Amino acid sequence: IDGPFTDRVMLTQNYPNPFNPSTKINFLLDQSSFIDLSVYDLNGRLIKTLASGYFNEGSYDILWNAKNNKGVNVSSGVYFYQLKTSDKVLTRKMVFIK
């Protein structure tokens, strides 16, 4: 049976957007799943892995401080954050302004 409350994975718009110095990203899982939440630049290069692993169903808030995986501040610009689950890929755009 399919309905509005089944198979629901949500990735909300980050807040604030544009942001400086940090932004909050929220996602919702209707069932436990392996996930990967990462930030990419306009060229599709991985900038930062924000969350990765097995998450129980529920709502999660992840804070990004505009640093890459090496701990270095990123430059101003447009970035994409992407949530991958076992069966869905959701992507949204955000803007970092120094």
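**View 1. Four strands line up as an open sheet in the order 4-3-6-7, with antiparallel pairing.** Everything here comes from a predicted model, so take these close-ups as a tour of a prediction. Look to the rims of this sheet for strand 4 (46–55) and strand 7. Each of these two has a single partner strand, so one side of each is left without a neighbour in the sheet. Going across, neighbouring strands of this sheet are turned by 15 degrees against each other on average, direction ignored. As a bit of background, strands of a sheet pair through backbone hydrogen bonds, and they can do that either parallel or antiparallel.

**View 2. Strand 3 and strand 4 form a hairpin.** Strand 3 covers residues 33–40 and pairs with strand 4 in the antiparallel sense over eight bridges. Want two spots to find your bearings? Try L37, whose bridge partner in strand 4 is A51, and I35, whose bridge partner in strand 4 is G53. Five residues sit between the strands of this hairpin. Which residue of the hairpin takes a positive phi? That's G44, with a phi near 85 degrees.

**View 3. T85 sits in the loop between strand 6 and strand 7.** Strand 6 spans 77–84 and strand 7 spans 89–96, so T85 belongs to the stretch that links them. Is T85 buried or exposed? T85 counts as buried because its relative accessibility is 13%, and the cut-off for buried is under 20%. Leaving aside residues up to four places away in sequence, T85 touches V9, L29, S33, F34 and I35. One of those, I35, has already turned up in the hairpin view, with G53 as its bridge partner in strand 4.

**View 4. A second close-up of strands shows an open sheet of three, in the order 1-2-5.** The pairing here is antiparallel. Strand 1 and strand 5 stand at the edges. Each of them has a single partner strand, so one side of each is left without a neighbour in the sheet. From one strand to the next, the twist averages 15 degrees. How many bridges join strand 2 and strand 5? Seven bridges do, in the antiparallel sense. To find your place along that pairing, look for I25, which stands opposite I62 in strand 5. A handy thing to keep in mind while you look: in a regular strand the side chains alternate between the two faces of the sheet.

**View 5. F19 and W64 bring their rings together as an aromatic pair.** A search of the whole structure turns up seven aromatic pairs. In this one, the ring centres of F19 and W64 are 5.7 Å apart, and with 55 degrees between the planes the pair is tilted. The pair links distant parts of the chain, with the two positions 45 residues apart in sequence numbering. F19 lies in the loop between strand 1 (9–11) and strand 2 (23–29), while W64 is in strand 5 (residues 58–64). Both rings belong to buried residues: F19 has a relative accessible area of 2%, and W64 has one of 1%.

**View 6. F55 and Y60 make an edge-to-face pair.** Their ring centres are 5.0 Å apart and their planes stand at 85 degrees. F55 is buried, with a relative accessible area of 16%. Y60 counts as partly exposed, at 21% relative accessibility.

**View 7. Ring pairs tie F19, W64, Y79 and F96 into a cluster.** You have already met F19 and W64 as a tilted pair. Here Y79 and F96 join them in the cluster.

**View 8. Stepping back, the chain has zero helices and seven strands.** From the N terminus on, its elements simply run β-β-β-β-β-β-β. The C-alpha atoms fill a box of roughly 45 × 25 × 20 Å, taken along the principal axes. For 98 residues, a compact globule would have a radius of gyration near 13 Å, and the chain's 14 Å agrees with that. Buried residues make up 33% of the chain. Among contacts between residues at least 6 apart in sequence, 52% join residues at least 24 apart. The chain exposes about 5,900 Å², and carbon and sulfur atoms supply 54% of that area.

Note on methods: Residues numbered from 1 in each chain as written. Predicted model: local features only at pLDDT ≥ 70, side-chain atom pairs only at ≥ 80, totals over all residues. Heavy atoms only, no water. Phe/Tyr/Trp six-rings, centres within 6.5 Å; stacked < 30°, edge-to-face > 60°. Buried < 20%, exposed > 50% of the residue type's maximum accessible area, 1.4 Å probe, protein only. Pairing = 2+ DSSP bridges. Axes fitted to C-alpha atoms, helices over the stretch in contact; angles between N-to-C directions. Contact = heavy atoms within 4.5 Å. Rg over C-alpha atoms; globule rule 2.2 N^0.38 Å. Areas by Shrake-Rupley, 256 points an atom, 1.4 Å probe, with all protein chains shown as cover.
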